[in-house]
Amino acid sequence: MDTIIMIPVATAIVSLLVGTVIGYAIRKHSWEQKVQNAQNDADHILADARAQVAAVKAEVNAQKQAAEAVKQSAENTKKEKILEAQEQIRDYKQKIEDKLNLKKDDLARQENRLKQREDTLDHKNSLLDEREAGLIKKEDQLKQQYTSLKAKLTEADELVETRRQKLYDVAKLDKEEAKKIVLNKLSDELVKERAELIRNSNEEVKAKADHYANQIIVDAIQSSAADTVAETTVSVVDLPNEEMKGRIIGREGRNIRSFEALTGIDLIIDDTPNVVTLSGFDPIRREIAKRAMERLIKDGRIHPARIEEMVDKARKEVNDDIYEAGESALMELGIHRMNPELVKTLGRLKYRTSYGQNVLSHSIEVGKLAGTMAAELGLDEKLAVRAGLLHDIGKAIDHDIEGSHVEIGVELTRKYHESDVVVNAIAAHHGDVPKLSFIAELVVAADTISSARPGARSESLENYIRRLTELEKIAKSYQGVKQAYAIQAGREVRVMVEPDEISDDRTVILARDIRNQVEKELDYPGNIKITVIREKRVVAIAKDYYRLFLELFTQLL
């Protein structure tokens, strides 16, 4: 029984021991495997660490080399900067030396100049001393002469008294009768002298007045400058190509008919390459037509509806420009209040010309001239400027209303409640009615100056040449005239006369006769100055006969 029980126990113990041994062996193998793995990992880590250490060492070496290179480069840069700084210091030093040398030269020149001035002053002082001595000497001489003259005057008075007494005795007149005769004679002489003085005084006053008036006009002209434009009734529009002409005409001419009906301007398309011509007497309509045509050409779409649209836009733009032109004219002249309708009418003058002169520019110029002259004469400058600006306002609408531009201007200014002085200046600036104020006279003068200045208004070349020819012909028709020249664009004629045939007194009469004939026979703007020149030259040559004889004798030898 005990044996049977021990066998399983022994078996269990043996199994337990065998399991323990086997478990130990397995665990030992596992531990050995882990140790081997750990050793392998340690080897790998050590290798990686060694590689990293090597890399770090390499990087450290590279950084050391880079640092050495940077240090070397810094040293090189330092040396270059030092050299550059030294070079700049040398340049600056050289500049400073140059400036010092220049200043030294300037100081030397100034010193020389001061020395020369001092010498000059010394010379002047010596001259003044000499002059003072001469004046003292002359003063002594004059005193002596005065004493001598005083004595002679006393002697003369005594002699006159003696002769007067002898005359009394010879004429058998008492003192009162002789006194009466002398006073009557003296009165006649005084009347003559008085008349002479009055005549000379009148001539002097007239000369001064003419000089003052001329000075005022010259100052007014110098303070004004205006542009000159050429008068024309046509405008030319450029085309990009010849094909555009056909598109402008349209099918069976419908486009051109529509354009002319809407603008009131004739459209001329001829053989002239790449242009069309707009013809019409109304400058504002012509400007509207030009702008509309340029827009149509740029847009490229040309048909009646598009033409109407472009014409409306152009008309609006031109109306805006007209009002802006009127406001600009008021601002330029310093006029602050004016009826808007009158301002718009004034702006229409921008597109109006008269004999090639732009009427708005002419009106502004007249306003400036009238204002300048009024200021010089102590008159109302602002009123004169206003009258000068509005004097041709009627020309803005004379294409649309019957009557002269003067009548239209008077009606317009009265309608918009302008002052009576302005209305009278407009009505009288062509002499249609009497001038009621001095401002009206100034407006006439300013209008004449602006219109008659050279280049202000155009005239045909034939008329210009014919006028010059007639001027010279009239001057040459008088006896004793040697030559005549029309100069200053026909505004002056210089007449050369024979000095043996015409005397100095006769030249005055000749100038007046030529002036009268020019006024009678010629039409001209402004004034024409006739200058008669009489010159007689006598030439005599003094010869050195001894020198001539020597030269002749030398040549013969």
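Me: Helices here are DSSP runs of H or I with at least four residues, strands are runs of E with at least two, and both are numbered from the N terminus. With that in hand, where is the place of arginine 537?

Reply: In this predicted model, arginine 537 falls in the loop that runs between β8 (529–534) and α15 (545–556).

Me: Is that arginine buried or exposed?

Reply: Arginine 537 has a relative accessible area of 69%, and because exposed means over 50%, arginine 537 counts as exposed. Its C-alpha atom is 9.3 Å from that of proline 499, although the two residues are 38 residues apart along the chain.

Me: Stepping back, how many helices and strands does the protein chain have?

Reply: The protein chain has 15 helices and 8 strands. Of its 557 residues, 27% count as buried, and among contacts with a separation of 6 or more, 61% are between residues 24 or more positions apart.

Me: Which residues touch the most other members in the largest nonpolar core?

Reply: Leu346, Leu389 and Leu390 do, in a core that has 41 residues. At least two residues of this core come from each of α6 (304–333), α7 (340–347), α8 (359–377), α9 (381–390), α10 (405–415), α11 (420–428) and α12 (438–452), and the largest share, 8 residues, is supplied by α8.

Me: What is leucine 389 in contact with, leaving aside neighbours within four places in sequence?

Reply: Leucine 389 is in contact with Ala329, Leu330, Leu333, Ile335, Leu346, Ser363, Ile364 and Gly367. There is also a second, separate core of 25 residues, and Ile284, Leu296, Ala314 and Tyr351 are among its members.

Me: Back to α10, which of its residues are buried, and what covers them?

Reply: The buried residues of α10 are His405, Val406, Ile408, Gly409, Val410, Leu412 and Thr413, and the elements covering them include α7, α9 and α11.

Me: What about α6, how far apart are its end C-alpha atoms?

Reply: They are 43 Å apart, and since 30 residues at 1.5 Å a residue should span 44 Å, the helix agrees with expectation. Just after α6, glycine 334 takes a positive phi of about 75°.

Me: Which residue just after α10 takes a positive phi?

Reply: That is histidine 417, whose phi is about 60° although the residue is not a glycine. Histidine 417 lies in the loop between α10 and α11, and it counts as exposed because its relative accessible area is 70%, which is over 50%.

Me: And glutamate 252, where does that lie?

Reply: Glutamate 252 lies in the loop between α3 (243–249) and α4 (254–263). Its phi is near 55°, a positive value in a residue other than glycine, and with a relative accessible area of 72% glutamate 252 is exposed.

Me: Last topic, how many cavities of 30 Å³ or more are there, and what lines the largest cavity?

Reply: The count comes to 1 cavity of 30 Å³ or more, and the largest cavity holds about 40 Å³ of space. Its lining is made up of Asp282, Pro283, Ile284, Arg348, Arg352, Ala396 and His399.

Me: How does the lining of the largest cavity divide by class?

Reply: By class, that lining has 3 nonpolar, 1 polar and 3 charged residues. Ile284, one of the lining residues, is also included in the second, separate core of 25 residues.

How values were computed: Residues are numbered from 1 along each chain as its sequence is written. This is a predicted model: local features need pLDDT of at least 70, side-chain atom pairs count only at pLDDT 80 or more; totals for chains, interfaces and linings use all residues. Side-chain values use heavy atoms; hydrogens and water are left out. A nonpolar core is a set of buried Ala, Val, Leu, Ile, Met, Phe, Trp, Tyr and Cys residues joined through side-chain atoms within 4.5 Å. Buried means under 20% relative accessible area, exposed over 50%, partly exposed in between (1.4 Å probe, protein chains only). Contact means heavy atoms within 4.5 Å. On a 1 Å grid over the protein atoms alone, a cavity is a set of points where a 1.4 Å probe fits but cannot get out, and a pocket is an open set with protein on both sides within 12 Å along at least five of seven lines; lining residues have an atom within 4 Å of a point. Grid points are joined across faces, edges and corners, and a volume is the space filled by probe spheres set on the points. Ala, Val, Leu, Ile, Met, Phe, Trp, Tyr, Cys and Pro count as nonpolar, Asp, Glu, Lys and Arg as charged, and the others, Gly among them, as polar. The expected span of a helix is 1.5 Å times one less than its number of residues.
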